[in-house]
Amino acid sequence: MGILDSKIPSGPLADKWTKHKNDINLVNPANKRNIDIIVVGTGLAGGAAAATLAELGYNVKTFCYQDSPRRAHSIAAQGGINAAKNYQGDGDSNYRLFYDTIKGGDYRSREGNVYRLAEVSGNIIDQCVAQGVPFAREYGGMLDNRSFGGVLVSRTFYAKGQTGQQLLLGAYSAMNRQINRGKIQAYNRHEMMDLVLVDGKARGIIARDLVTGEIERHSAHAVVLATGGYGNVFFLSTNAMGSNVMAAWRAHRKGAFFANPCFTQIHPTCIPVSGDHQSKLTLMSESLRNDGRIWVPKKKEDAIAIREGKLKPTELSEEDRDYYLERRYPAFGNLVPRDVASRAAKERCDAGFGVNKTGEAVFLDFAAAIERYGKEKALTSGIKNPDKTTITELGEEVVKAKYGNLFQMYEKIVDQNPYKTPMMIYPAVHYTMGGLWVDYNLQTTIPGCYAAGEANFSDHGANRLGASALMQGLADGYFVLPYTIGDYLSDDIRTGAIPTDSTAFEEAEQQVRDRMEKLMGGSGIHSVDYYHKKLGKIMWNKCGMARNEKELKEAIKEISELRKDFWENVKVTGTVDSKNQELEKAGRVADFLELGELFAKDALHRNESCGGHFREEYQTEEGEALRDDENFKYVAAWEYKGEPKDAELHKEDLVYENIELKTRSYK
Amino acid sequence: MKLYLKIWRQKDASTPGKIVDYTLDGVEGDMSFLEMLDILNEELVSKGEEPVEFDHDCREGICGTCSLQINGEPHGPDRLVTTCQLHMRKFSDGDTIVIEPFRAKAFPVIKDLIVDRSAFDRIQQAGGYISVNTSGNTIDANTIPINKYDADEAMDAATCIGCGACVAACKNASAMLFTSAKVSQFALLPQGQVEATERVQNMVRQMDLEGFGNCTNTGACEVECPKGISLTNIARMNREYLSATLEG
């Protein structure tokens with residue numbers, strides 16, 4: 001069990017990272033030129049890591065399945081990025097950001113990692129501004145902030161509703177600078193098919209050129225996996241269509257432990273499902289909860305009338321509305337953390353108060369904000385005794401300036417004007433806190449294989465706070481990995497280039513080819529999407545927002561049967577040696593069919609409710625999550641042993657020296 | 001609704017392509033354009049035929065991957081949306097829809113509706129960055145105040161998603177809106193000033209090398225741009241280019 005050493009440095013919390021940086025080995029600049037690093041994934045974590053490593057002097061190869069690094073799904077993050085700058089003077093500090101993150105994660109993350117994240121958060125903002133990221137500013141020219149769920153300060157920096165895009169383009173521009181210098185070789189439209197281990201160390205990957213279908217061998221002294229999360233195991237999620245678990249899962253099969261797979265974030269504010277044809281779900285930024293009020297009708301008959309189109313939500317009086325978050329959680333109101341908000345929406349809809357035709361939607365209403373802003377604007381514009389129309393007009397202007405692009409997106413999809421009628425929202429799978437187990441250095445249980453960003457499990461515990469994913473991705477990529485990887489690579493300065501004609505590479509390539517042939521050789525009854533949708537239904541119904549023992553056991557059985565069926569009967573058209581999107585999907589779904597089972601197994605073993613993992617058997621009388629610190633205060637890291645059902649559990653006990661474990665309360 | 005689709009099919013870059021007719025029934029208004037194509041593909045796969053390949057990823061209008069020429073317009077008839085955000089309610093029962101890849105010499109077809117837009121990456125690599133190390137050891141983010149108007153305008157330029165609709169819309173297949181958006185973003189910010197001269201020259205040089213045409217101010221790019229990137233950016237780039245040339 002010595003293998004699960006988190007390698008958290010000793011000493012006081014606030015000194016750990018500095019001390020660690022002073023203690024670890026460095027590689028001198030001349031030697032860096034002789035060391036190759038592969039970075040898979042070019043989102044915030046991968047793009048930032050690739051740029052920084054190349055800038056330090058390493059030879060970097062990047063791989064992404066998209067046609068350009070700029071299209072990684074980090075681009076879709078809307079709301080913002082947290083940093084403990086305390087520009088607002090509202091009492092923020094590194095400690096408070098650390099505390100909020102640990103508490104928000106329901107006490108299932110590591111103190112050392114989270115404190116480091118808070119510590120470097122300020123640097124991220126400095127760095128991005130220097131790179132020309134156009135963050136929102138106030139009239140005085142200073143950076144503007146807003147507030148996100150689960151916190152009591154304003155520490156979120158943003159660029160309209162496109163923060164992820166701007167930060168990613170920042171990392172992409174840093175990459176471009178290194179590509180121009182010849183320090184990064186970018187392999188776009190390439191997919192990592194397997195990890196190659198030589199003498200127990202990660203020494204390269206097998207990749208497929210998605211345009212020609214060619215299988216390629218690439219060697220390196222270390223491999224960084226920054227390949228994002230696995231939310232698409234649910235089929236419907238806010239992830240990009242191509243987001244997949246293949247790289248992480250291939251590494252898992254080669255010996256990297258997979259941690260807390262059941263910790264999945266269901267985001268409360270997404271556009272509800274409209275029908276069976278739906279291919280993906282669209283998020284409405286959490287920032288909307290700054291100003292939007294969430295409600296359902298108080299009376300069931302009103303909910304039914306709204307569903308049937310006989311009553312308009314705007315016709316319902318204040319007394320007949322149930323602002324259930326404000327009612328249940330007066331202290332945080334509409335800004336409770338995501339897991340809490342999602343479950344509360346599900347609770348109301350399950351009780352029959354849902355407001356769209358499927359009964360799975362609640363209202364997010366801006367009328368009050370429009371009125372409040374309108375009055376304020378009238379006052380500052382010197383308009384005396386403004387009438388209601390003027391107030392509404394002025395208020396809508398303010399709301400448009402804040403959330404215009406989100407409102408436009410909503411209108412395009414739903415065909416309703418959210419300025420005039422409340423938005424309808426429902427929770428959807430958004431982010432996975434679980435991922436490859438890593439130590440403090442972001443190294444997996446395979447020496448030389450690192451995981452960064454959403455692909456690792458490390459910082460968010462059982463629930464991630466809003467605007468923290470961007471922070472973690474960039475922290476890992478810009479500021480953590482470039483230091484820690486040097487410590488490992490300092491042993492490799494005399495190794496020389498890793499040859500790709502070894503047996504290890506040969507065998508790995510053969511396995512990849514065999515697997516593709518097997519996928520092509522199915523009896524051809526059902527399409528890949530057929531299986532993906534079926535898997536998604538099992539996951540959503542039995543491993544979704546609320547889970548119980550009976551259904552999780554059923555899920556395990558059903559997924560394993562579905563997997564068998566898939567390998568026997570899947571239909572993949574086209575050929576292996578050409579561009580073939582069906583084959584790409586098939587490989588990804590095959591891995592989801594294994595991960596899904598491990599997910600359910602993990603959820604079944606964790607007999608407690610914490611963060612995004614809600615087990616119906618473990619709740620308080622008021623329906624809040626009931627954590628069990630005595631028995632489950634650990635990271636569950638699973639070792640691959642063949643079938644997912646045989647995966648072996650390793651526990652990393654979580655030690656809290658600086659924070660007292662409490663029941664999370666947002667009341 | 002029932003639709004008649006005329007779709008460009010092309011095996012690979014070296015094989016000539018052609019328009020193939022398909023009829024698709026049961027399309028609903030709430031479907032996105034790409035979901036409509038998903039259904040067509042599901043039918044094709046079930047018949048053992050190869051599905052129509054098209055680029056797409058985030059399906060929420062931000063990644064810039066989707067790139068269809070629909071009835072002659074990049075991203076179709078709706079304004080300020082990408083193909084993935086175009087919904088079938090914009091079409092009517094019985095419509096014929098022609099679907100092609102973006103057409104430009106600098107965007108060669110890879111397969112069916114997929115084109116190679118790596119030329120855009122190379123333009124960015126030529127100078128679309130600020131040469132600052134990512135060490136985090138820079139000055140505090142609030143040290144240099146930036147006028148809100150400039151910051152907002154830089155942001156507007158920076159919202160370009162690199163989809164290539166501007167090129168596909170232009171009769172000269174010019175990439176000036178794309179290139180100028182990045183030049184503008186940095187020209188409007190103090191951090192971008194230091195390398196302004198080299199940046200605009202290098203990016204424009206690369207743009208020409210890639211085989212994109214020149215701007216003749218028809219403004220089609222601005223109209224078709226899903227993010228509403230303004231033509232003003234081209235004017236700004238021209239000014240930057242001129243002053244860079246004069247500076248030498």
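How far apart do the end C-alpha atoms of residues 36-470 of chain A lie, and what share of the span is helix and what share strand? In this predicted model, the two end C-alpha atoms are 26 Å apart. Helix makes up 33% of the span and strand 18%.

## The annotated span of chain A

Residues 36-470 of chain A carry the UniProt annotation "domain: FAD-dependent oxidoreductase 2 FAD-binding", taken from an unreviewed entry.

## Chain A as a whole

Chain A contains 18 helices and 21 strands. Its C-alpha atoms fill a box of roughly 80 × 60 × 50 Å along the principal axes. The radius of gyration of chain A is 25 Å, which agrees with the value near 26 Å for a compact globule of 667 residues.

Of the 667 residues of chain A, 60% count as buried. Where contacts in chain A link residues at least 6 apart in sequence, 74% of them join residues at least 24 apart.

## Chain B as a whole

Chain B has eight helices and seven strands. Along the principal axes, the C-alpha atoms of chain B occupy a box of roughly 60 × 35 × 35 Å.

Chain B has 248 residues, and 54% of them count as buried. For contacts in chain B with a separation of 6 or more, 70% are between residues 24 or more positions apart.

## Strands β1 and β2 of chain B

Strand β1 (residues 3-9) of chain B runs antiparallel to β2(B), and seven bridges join the two. Within this pairing, B:L3 stands opposite B:L24 in β2(B).

Is strand β2 (residues 18-24) of chain B buried or largely in the open? Of the seven residues of β2(B), the number buried is zero, so the strand lies largely in the open. Being buried requires 20 or more other C-beta atoms within 10 Å of a residue's own. In a regular strand, side chains alternate between the two faces of the sheet.

## The contact between chains A and B

The contact draws 66 residues from chain A and 66 residues from chain B. On the side of chain A that touches chain B, the elements giving two or more residues are α3 (44-56), α5 (111-130), α6 (163-180), α12 (388-414), α13 (469-489) and α17 (581-605) of chain A. The most comes from α6(A), with nine residues.

By residue class, the side of chain A that touches chain B comprises 23 nonpolar, 27 polar and 16 charged residues.

How values were computed: Residues are numbered from 1 along each chain as its sequence is written. Chains are lettered from A and ligands numbered from 1 in the order in which they are written. Two residues are in contact if their C-beta atoms, placed from the backbone, lie within 7 Å. Helices (H or I, at least four residues) and strands (E, at least two) are DSSP runs, numbered from the N terminus. Ala, Val, Leu, Ile, Met, Phe, Trp, Tyr, Cys and Pro count as nonpolar, Asp, Glu, Lys and Arg as charged, and the others, Gly among them, as polar. The radius of gyration is taken over C-alpha atoms; the globule rule is 2.2 Å times the number of residues to the power 0.38. A residue is buried if 20 or more other C-beta atoms lie within 10 Å of its own, exposed if 12 or fewer, and partly exposed in between; C-beta atoms are placed from the backbone. Two strands pair if DSSP finds at least two bridges between them. UniProt positions are given in the numbering used here, feature names are shortened, and annotations may be inferred rather than shown by experiment.
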